[in-house]
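Consider the following model and the reasoning behind the terms applied to its parts. Each question asks on what grounds a description is made.

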Amino acid sequence: MARLFGTDGIRGVAGEDLTADLAFALGRAAVLALGSEVDGRPSFVVGRDTRASGELLEKALVAGICEGGGDAMLAGVQTTPAVAFLTVDLSATSGVVISASHNPPEDNGIKFFGQTGYKLPDKVEDEIERELEEGFRDIRSEPGTFRVLEGAHRRYLDHLRRAAEAPLVGWRIVIDCANGAASEVGADALRQLGAEVHPIFDRPDGTNINDGCGALHPDVAAHHVVRLGADAGVSLDGDADRALFSDATGNVIDGDQVVAALALSMQEDGRLTGDRIVATVMSNLGLMQAMDVAGVDVRTTAVGDRYVLEEMLASGAVLGGEPSGHVILAEHATTGDGLLAAVKFLSLAARKGTTLQHLAASMPRFPQVLENVPVRDRSELEQAEPVWEAVRAVEAELGRRGRVLVRASGTEPLVRVMVESDSEDEAGRYARAIAECVRAVLG
């Protein structure tokens, strides 16, 4: 059996790759794999996003948990970071999120958190898979129970409010909820801090999550910010574990710029442990330069918030993130949290009496051009010497003015070519040249 768990749980087309039968078996297997570590019944906080397939998968998953002898607390529609928070807040054995994050509406997924609020390590996921392979064995003598969890949103909102650095009174904010898990809680998180909030794409119908909106399309919120004369825009993805921003002039602000502003503020306040942050190989060269000037050490990882968090835990860093909008604030959370990032970033600007545009200027942002090239076999990239010759030639031309990153996609038959330069035209020209080479050799 091929490994089910990817870097962020199990994902696939609902009803095809991810069926109700699989959800039931996963719930039961998770009880058997995790139950031995606790006294009494293992308990699970279960949340989901707004996809049409979510309720059926939730019912099947909960039935499997109860069949295996575990108890389930149904939190309803919740963001991924809210489930991680509730797992710890309620001292549950595990949290389970039924969501495919930024994927299209027809997809869905299931991922687990441990009792500490962190995603399960590979060895525990492997144990769940072993239980799946074993089939129906070692069922506890009594089935478990389930109940609806009351007050889940209020618990999470109180958690966000405590993280704020200042009220947002006088701020006008557009929030794009991506018709996803934050459609109800997103606007409330900012209103409770005193902001005037204009929510958009907060009417989920089961089929419109991430559809032309949210963190995949931050220009949408930016347009509404300018149209309404607002101070800021927030763009969340379907499960709200990441956020992008826009300033009053409609400029989009990415995760690197948010991390830079937060890092400098935390360093100033003496809260940036070890003067260290964690970024990824896709993070902008401008972030590296700004942190170098400030004397902040930047540890880089492979792309993925899972890898960012692993390095944060290993190095003791309290701040990390990705340009895509995953920001992890270890003082407050165990995973990326778009609403937490929004509360921290916006309230930082309020505390300093400045604008998002000014905060985003904490780092110079180098133009970055990305080309995705379809290939026959992405595993052949490593041995494709003509491609690496082309990369070395561009690196020699750019010197310290830019950067080249060529990597195989982890999930698709693609090679991704990224070039940064102080000139967007130059970055585009070099990216297209390398992409043509990839296409000729591997296409």
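The questions and answers below concern a predicted model.

Q: What makes the protein as compact as a globular protein of its length?
A: Its radius of gyration is 22 Å, and the globule rule gives 22 Å for 443 residues; the two values are close, so the protein is as compact as a globular protein of that length. The secondary structure comprises 14 helices and 18 strands. Along the principal axes, the C-alpha atoms fill a box of roughly 70 × 55 × 40 Å. Of the contacts between residues at least 6 apart in sequence, 71% join residues at least 24 apart.

Q: Why is Gly68 called buried?
A: Buried means under 20% relative accessible area, and Gly68 has a relative accessibility of 1%, so it counts as buried. Gly68 belongs to the loop between α2 (54-67) and β3. Its C-alpha atom is separated by 8.5 Å from that of Glu142, which is 74 residues away along the chain.

Q: Why is Val77 called partly exposed rather than buried or exposed?
A: The term covers values between the limits of under 20% for buried and over 50% for exposed. The relative accessible area of Val77 is 28%, so Val77 is partly exposed. This residue is part of strand β3 (residues 71-77). Beyond its neighbours within four places in sequence, Val77 is in contact with Arg48, Asp49, Thr50, His153 and Ala181. Between the C-alpha atoms of Val77 and Arg11, 66 residues apart along the chain, the separation is 18 Å.

Q: How do you know whether Asn210 and Asp275 are buried or partly exposed?
A: The cut-off for buried is under 20% relative accessible area. Asn210, at 8%, therefore counts as buried. Asp275, at 31%, is above that cut-off but not over 50%, so it is partly exposed. Asn210 is placed in the loop between β8 and α7, and Asp275 in the loop between α8 (255-268) and β12 (276-280).

Q: What phi values do Asn210 and Asp275 have?
A: For Asn210, phi is near 65°, a positive value in a residue other than glycine. Asp275, likewise not a glycine, has a positive phi of about 45°. A glycine with positive phi is Gly229, at about 65°, just after α7.

Q: Which residues of helix α7 are buried, and against what do they pack?
A: In α7 (residues 218-228), the buried residues are Pro218, Val220, Ala221, Ala222, His224 and Val225. The buried residues of α7 pack against the strands β7 (172-176), β8 (196-200), β9 (232-236), β10 (243-247) and β11 (252-253).

Q: What makes a set of residues a nonpolar core, and where is the largest one centred in terms of contacts?
A: Membership requires buried residues of nonpolar types joined through side-chain atoms within 4.5 Å. The largest such core has 70 residues, and those with the most contacts inside it are Ile277, Leu319 and Leu346. Helix α11 (residues 338-352) gives the most to this core, with 9 residues. Apart from it lies another core of 29 residues, including Leu26, Ile65, Ala72 and Leu120. In soluble globular proteins, nonpolar side chains tend to be buried together.

Q: Which residues is Leu319 in contact with?
A: Leaving aside neighbours within four places in sequence, its contacts include Val259, Leu262, Met266, Ile277, Met312 and Ile328. Arg276 is also one of its contacts.

Terms used. Residues are numbered from 1 along each chain as its sequence is written. This is a predicted model: local features need pLDDT of at least 70, side-chain atom pairs count only at pLDDT 80 or more; totals for chains, interfaces and linings use all residues. Side-chain values use heavy atoms; hydrogens and water are left out. Buried means under 20% relative accessible area, exposed over 50%, partly exposed in between (1.4 Å probe, protein chains only). Helices (H or I, at least four residues) and strands (E, at least two) are DSSP runs, numbered from the N terminus. Contact means heavy atoms within 4.5 Å. The radius of gyration is taken over C-alpha atoms; the globule rule is 2.2 Å times the number of residues to the power 0.38.
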